Amino acid sequence: MSIYKSTTPTISTFNNPETYSPELIDDIKSVLIIGSGGLSIGQAGEFDYSGSQAIKALKEANKHTILINPNIATNQTSHSLADKIYYLPVTPEYITYIIERERPDGILLTFGGQTGLNCGVELDQSGVLAKYNVKVLGTPIKTLITSEDRDLFAQALKEINIPTAESVACETVDEALEAAAKIKYPVIVRSAYALGGLGSGFANSAEEMKQLASQSLSLAPQILVEKSLKGWKEVEYEVVRDRVGNCITVCNMENFDPLGVHTGDSIVFAPSQTLSDEEYHMLRSAAIKIIRHLGVIGECNVQYALQPNGLDYRVIEVNARLSRSSALASKATGYPLAYTAAKIALGYTLPELPNPITKTTVANFEPSLDYIVAKVPKWDLSKFQYVNRDIGSSMKSVGEVMAIGRNYEEAFQKALRQVDPTVLGFQGSDEFGDNLDKVLAEPTDRRVLAIGQALLHEGYSVDKIHELSNIDKWFLYKCNNIAKMYKELQQRNELNQLDKELLTKAKKLGFSDKQIAFCIDPNYKYSEFDVRNLRKSFGIIPFVKRIDTLAAEFPASTNYLYTTYNAVKSDVEFNENGMLVLGSGVYRIGSSVEFDWCAVNTAKALRDAGKKTIMINYNPETVSTDFDEVDRLYFEELSYERVMDIYELENSEGCVISVGGQLPQNIALPLFENGCKILGTSPVDIDRAEDRHKFSTILDSIHVGQPEWSELSSVDEAKVFANRVGYPVLIRPSYVLSGAAMSVVTDECDLEAKLTLASDVSQDHPVVMSKFILGAQEIDVDAVAHDGQVLVHAISEHIENAGVHSGDASLVLPPQHLSDKVKLELKDIADKVAKAWKITGPFNMQIIKDGDKPLKVIECNIRASRSFPFVSKVLGVNFIDIAVRSFLGGDHVPKPVDLMMNKKYDYVATKVPQFSFTRLAGADPYLGVEMASTGEVASFGKNEIESYWTAMQSTMNFHVPLPPCGILFGGDLTKEDLGTVAKNIAPLNYNLYVTTEEAKQYLESHIESGHDVKIIEFPKNDKRKLRELFQKYDIKTVFNLASKRAENTADLDYQMRRNAIDFAIPLFNEPKTSVLFSKALAAHVGEKLKALESNEIIIPEEVHTWEEYVGHRAN
């Protein structure tokens, strides 16, 4: 029975404000919102944005909001939004504890990605929701199950004569092989109840099918085998429906890549560019028919495959929840989908809701666009060893950008630069050699460069590229327009040969100043500054246009802006002189949602101080690009050229560059040198910290320790240094984020190989080499200073030893193993560094503690770090708020406080990394100085063990191994760690397994007699046999503590690590965390078993709100 009583349309608030009374669901006072947990590939920042909007909508309706989300880095998990926040695992078990404790009236399942949806289905089926009378708001569970279960879905669509791809649901490998033979190869395999195409792929033969099916079935209970429609067009519609059946399509999008590439890994354009009117309306009508038939209440997206030269189509899937596409559609159209969906879930109808962006229209209208939007994915595959770089039906990208232009060329070139600032726009690359045709036909993350190479340098025709790639010729002709402009510009050898007409034409096609300088002389005889000066002397400056959702047909005063050269006047007056805040740009490994939290909080603090704010960012997944966070929002590039354009147009009061991670930092100096007023630490001082040579020299001058170092310009010098200090040594270039091209070198051969790699990274900056200290403890210090005086600081301990990148390390705060003496020394170093670099604003240091030897600084970033949200929320003091007050100076600056020495804490929080190795086929899950994690989660507890136990369960798809299951051991037998783990868990009644006699003897020497260690035969390259082995021995956790990376993929330790990941089994691959988890198992697995076996609900001790732990409502 529906919780929505009436299906009769109601009167709009606009028509009759006096008698207006919406028919909302009865008795909904408090609502539990399910968050999505740590950011991972396929489920990232878009749920921070949609979840935050949902809470805003509920608060407007005066609902009490309870949130469960362990992702401490997000905006959603802030008290300025939710009333109560639980940093706990998003699992049916923990959600049940919260329901028992809070007794919410309603629950929202569709704002937490696949994680939230799967939990909701399980809670419904286990009877928990019925037992506590919790109403599911929005799309009913039955519809969610139908849209997720591939068989039910195909059946439902058959009832209304909507074609789906022919498919067979299979639960075993044999069934899958049989189905493929019946449908005929090539086929595609998809898993039910999985996110981002996890466990899916294409098979062209029975052999490929066998491998793929066995892996997919380890990730999901059911897979679908379907006929492959590779090469068809892929089109998406975002649809909204309310409880009375009003339906609108908010946005339709078309993929540049034909079917065969997951939509999250596709370049996408909105609105669709190549559909005829007939095709557009055919698919629109089908989408509305589907959503009505399924009974969706809220938002959903429909994905189609469309025959490239006919009217045949298939529905690929329907997501009856907020998704990555809905975040993109919201930002592309200016229609707040998540906000509207949350209101609809409460019972509002579309005509009743005003559009909060325009304020002059109702939500029951379809946006019209007078611009074009390009979305391009960001991959970070180069960070992984042995990773497969092909892109296909399983998503691999870690983020995406969105660019807005008045034509295809402008939007596309902007987007390509946003993904990677070193790229000039649409361009080629000579990396492909003879493989160019192969890359065009079989997409990798580099395919767009291959198209550029083919058009710009290899003389390929549009027809030839189309034949190889199946990309629609319309897109390729547009790319060719850019290629023609390149050639026209290349005919000019001097800057003074550029006339106004040609320069204007190039700017209209999205060429940047730097790109134009390169076209005239590839050796950069002219700089982008020269082109800028010439352009401005001709009076060629960009215009600012508004996204108003109405294609300028009605007056609407939105603050949602972009720049273009394809216009004749700007839509806004420049009279606010707002403060610029530079956002973090695209999410990538090393820079993610934590910097968005920093940017949003900066804007908030500036607004609280009475300042007008302007945000520049281009990431559609973020809260910072939401319409109501700032006074003006520019969806624009974070390049020197664009930031300076906006700064000059707006006549800004100042610019904040220290809260968006490394990207704004890299343009700080040119901005400053060209007259931009930078708030906080001077970019000249920032440069003295970013440049390794200057940095190390200053540390020496203020008597702060650091590992021995030297600046190198040749391999021979490097060898002399390494032999003097002794291996291992660390090589690092200047200006890096997340350890790019940093490497630890263990001997001379390694040194020669690695040095060539690092030198390529930064030709302008020499390479610095330092002694690498083995087995030392690493400590993070986050702080805020004003005029060189520290105002607040936080000291977080790493659980892992130094050598694991700080972004992949588990952080403990307050520190549990540091003496007061060490804490005072750390504060002393922070004071000296703040003074030497004249710091005003945020900074972060990483410090090494090697036994009782003097502390050594290994890194200092004069900007907010990725741990700022963590330390702010754990200590209950907002570090960004204090940083903004230090920027503003004067009376705004608070008095210094010591949060580490003068305050006692009766709780501990642990932040652990969220990895996405499952998505990256072949990648070696080994931790080193290059960062590999895509997100983080954190939990509180009364001590370190309790908080780590809860935090580990908060990582995605983590299942606690329950005795008597099997645990597999492997790795380095020369150290004690593996033995300590075995010793801690042997008494708990697990079955212990190893793969060699040597490992068996080693483990037996560490555990008490009476506990068996069994050897199992490990079939290396046979996925199916491996799967049977893991099932036969019921292996539920793998501890593999190898001392170094695998030399090749035949390495037994690599095979063990990789297969644990492929079969979704928890893997512990680092000594310190392995030992800590074994202690946590010993302390907590008994009570976990008791709770799971009990008929009563036993709430564990760690189930408390953030406010209960910290003792006040921190913001």
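Here is a chat about one helix and one strand in a predicted model.

Colleague: What makes helix α18 (residues 513–520) "mostly covered"?

Modeller: Buried means under 20% relative accessible area, and six of the eight residues of α18 are buried. Those are D513, Q515, I516, A517, C519 and I520.

Colleague: And what covers the buried residues of α18?

Modeller: The cover includes α12 (408–419), α16 (473–490), α17 (500–508), α19 (528–537) and α21 (640–650).

Colleague: Why are α18 and α19 called roughly perpendicular to each other?

Modeller: Look at the angle: α18 and α19 pack at about 105°, with their axes 8 Å apart. Anything from 65 to 115 degrees counts as roughly perpendicular, so that's the label this pair gets. On the α18 side, D513, K514, I516 and A517 make the contact, and they meet E528, V531, R532 and R535 of α19. Sorted by class, that contact has three nonpolar, no polar and five charged residues.

Colleague: Okay, over to strand β13 (residues 298–306): why is it described as largely enclosed by the rest of the structure?

Modeller: Just go through the strand: nine of its nine residues are buried, so largely enclosed fits.

Colleague: How do you know that β13 pairs with strand β10 (residues 233–241)?

Modeller: Pairing needs at least two bridges, and β10 and β13 have nine, running in the antiparallel sense. For a spot to look at, E234 stands opposite A305 in β13.

Colleague: What makes β13 and strand β14 (residues 313–319) a pair?

Modeller: Again, at least two bridges are needed, and these two strands have six, also antiparallel. Here N301 stands opposite N319 in β14, and a hairpin of six residues joins β13 to β14.

Key:
Residues are numbered from 1 along each chain as its sequence is written. This is a predicted model: local features need pLDDT of at least 70, side-chain atom pairs count only at pLDDT 80 or more; totals for chains, interfaces and linings use all residues. Side-chain values use heavy atoms; hydrogens and water are left out. Buried means under 20% relative accessible area, exposed over 50%, partly exposed in between (1.4 Å probe, protein chains only). Helices (H or I, at least four residues) and strands (E, at least two) are DSSP runs, numbered from the N terminus. Contact means heavy atoms within 4.5 Å. Axes are lines fitted to C-alpha atoms, for helices over the stretch in contact, and angles run from 0 to 180 degrees between N-to-C directions. Angles under 35 degrees count as roughly parallel, over 145 as roughly antiparallel, 65 to 115 as roughly perpendicular and the rest as oblique. Ala, Val, Leu, Ile, Met, Phe, Trp, Tyr, Cys and Pro count as nonpolar, Asp, Glu, Lys and Arg as charged, and the others, Gly among them, as polar.
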